[in-house]
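Good morning, colleagues. Please look at the sequence and the structure as I bring them up, and I shall then take you through a few selected places.

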Amino acid sequence: MGKGVVLVVDDEAPIRDILTFYLKRAGYQVLTAGHGVEALEEMGRVRPDLIISDLRMPEMPGDELCKRVKSDPATQDVYFIILSALDGTATRIGGLSLGADDMIPKPFHAQEVLAKVDSTFRLIAMQKEIKRQNKELTAFQERVREEMELAAALQMGLLPKLPGEAPGSHYTHRYLPAAGIGGDVYAILPLPDGSTALMIADVSGHGVTAALISAMVKTSFENQVRLGGEPLAWAQGMNEDLCRSTLAEQFATAWLGRLEPTADRLRYVVAGHCAPLRIVRGARGGLQRSEVLRGKGFMLGLDPTLPFTEHETEFLPEDRLVLYTDGLVEVEREDRVMLEEGGLRRICAELPVGPEEAADAVVAQARAFNSPAPFVDDVTLVVLDRKPRP
């Protein structure tokens, strides 16, 4: 197999012949043409890798041929060397400005041309390899993009459907992964006794690994709830599951709660997670004050023997629960001031009555605080409102 295809274009037959002789002896396939028009006709049959063309020729000179070749998307990558009897830097610059890749002055030595051709084909080989690798990279990136889109769609399917209804409550969420797919997850499960099991979690890291573990967290929570018991037992069981199923450096923060509408009571466990806000609202959502549902507890997945503590608070009709992950409050202004829990409480001091409008208002104000930078961490916000008494 030849090294490559070279098209020699010159109106002088002896020059075509000598170049053809040396190039063929070196292993190249050689095409010839007497001027630019013949060269274009030859290129219509066989696409060369390299064109060596005289500058001054009848019918179509070399500069016009060069412009035709370089302006055609199908041939613009063909390497083009101009042979010219004109000497001097200005002439060389003029030739290169036409789009030629190199110039060889006349008279020339055949061995000089051959060395230039060998060097050119090394460059062509490198360019082809780069293009091949770029093509493979583009195809790989497209596959990754498609898989990430599918993974993101599947992850969204793990979240509760909206609009959400639970016994005596309605809720909504805003899920904003930083990289299309993230490590945040939440679940709201109605229980047979009329209570509601709640969970929000934030897995360490980002991307596919975090998303996979977040799915494990949700599955573990659902399994623990099915076994019965209270938030304390759920936290202990989930912690054992994660310790058994994940690597040492992987963990999750979580908040687990059980809302009992008949008792106006909320029991919960904090496992290293952001403390939610309980917003006590006056009649028809008027006066609002917030209470932070604090509690100490270790993250899930660190050690199966770590203890957890269950807490309890009242949760009355028309009260609002705001659950979130730390990406919401760790937004930072240009002056390096962070929103933090205090900023979120100020935002939540005056929110619209409906959960959808309230969630939109929280996200909008957090974005405004962080403007013009985007959220850099996964953000999940859940707004749950207890309905008024019948």
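Is Glu-59 buried or exposed? Glu-59 is exposed, because its relative accessible area is 65%, and the threshold for that term is over 50%. Please keep in mind throughout that this is a predicted model. I shall return to Glu-59 after an overview of the chain.

Let me begin with the overall form. The protein chain has nine helices and 16 strands. For a compact globule of 390 residues one would expect a radius of gyration near 21 Å, whereas the protein chain has 36 Å. Taken along the principal axes, the box filled by the C-alpha atoms is roughly 105 × 45 × 35 Å.

As for burial, 48% of the 390 residues count as buried. The accessible surface of the protein chain is about 19,100 Å², and carbon and sulfur atoms account for 55% of that area. If we take the contacts between residues at least 6 apart in sequence, 67% of them join residues at least 24 apart. The chain carries 43 positive and 57 negative charges, and the mean positions of the two sets are 1 Å apart.

I turn now to the aromatic residues. A pair of aromatic rings is described by the distance of the centres and the angle of the planes. How many aromatic pairs does a search of the whole structure find? The search finds four. One of them joins Phe-21 and Tyr-22, whose ring centres are 5.3 Å apart; the planes stand at 80°, so this pair is edge-to-face. Phe-21 counts as partly exposed, with 48% relative accessibility. Tyr-22 also falls in the partly exposed class, at 22% relative accessibility.

A further aromatic pair is formed by Tyr-28 and Phe-121, with 4.9 Å from centre to centre and 40° between the planes, an arrangement classed as tilted. Where do these two residues lie? Tyr-28 is in the loop between helix H1 (13-25) and strand E2 (29-33), while Phe-121 is in helix H5 (residues 110-158); the pair therefore ties together parts that are 93 residues apart in sequence. Tyr-28 and Phe-121 are both buried.

Next, consider Ser-53, which is placed in strand E3 (residues 50-54). Ser-53 has a relative accessible area of 0% and is therefore buried. What does Ser-53 touch, not counting residues up to four places away in sequence? Its contacts are Val-9, Gly-62, Leu-65, Phe-80, Ile-81, Ile-82 and Leu-83. From Ser-53 to Gly-36 the C-alpha distance is 8.4 Å, with their positions 17 residues apart in sequence.

I come now to the backbone. Most residues other than glycine have a negative phi, and most peptide bonds are trans. Against that background, two prolines deserve attention. The peptide bond from Lys-106 to Pro-107 is cis, with omega near -5°, and Pro-107 is located in the loop between strand E5 (102-105) and H5. Leu-162 and Pro-163 are likewise joined by a cis peptide bond, with omega about -5°. Pro-163 belongs to the loop between H5 and strand E6 (164-166).

This brings us back to Glu-59, a residue other than glycine with a positive phi, near 65°. Glu-59 is situated in the loop between E3 and helix H3 (62-71). Arg-336, which is not a glycine either, has a positive phi of about 70°. The position of Arg-336 is the loop between strand E15 (320-324) and helix H8 (340-348). With 62% relative accessibility, Arg-336 counts as exposed.

The loop between E15 and H8 also holds Asp-326, my last residue. Asp-326 counts as partly exposed because its relative accessibility is 22%. Which residues does Asp-326 touch, leaving aside those up to four places away in sequence? They are Asp-202, Cys-274 and Asp-377. The C-alpha atoms of Asp-326 and Asp-378 are separated by 8.1 Å, although these residues are 52 apart along the chain.

To close, I would recall two points. Tyr-28 and Phe-121 bring together parts that are 93 residues apart in sequence. Glu-59 combines a positive phi with an exposed position. Thank you for your attention.

Methods
Residues numbered from 1 in each chain as written. Predicted model: local features only at pLDDT ≥ 70, side-chain atom pairs only at ≥ 80, totals over all residues. Heavy atoms only, no water. Helix = DSSP H or I, 4+ residues; strand = E, 2+ residues; numbered from the N terminus. Rg over C-alpha atoms; globule rule 2.2 N^0.38 Å. Buried < 20%, exposed > 50% of the residue type's maximum accessible area, 1.4 Å probe, protein only. Contact = heavy atoms within 4.5 Å. Areas by Shrake-Rupley, 256 points an atom, 1.4 Å probe, with all protein chains shown as cover. Lys, Arg positive; Asp, Glu negative; His and termini not counted. Charge placed at Lys NZ, Arg CZ, Asp CG, Glu CD. Phe/Tyr/Trp six-rings, centres within 6.5 Å; stacked < 30°, edge-to-face > 60°.
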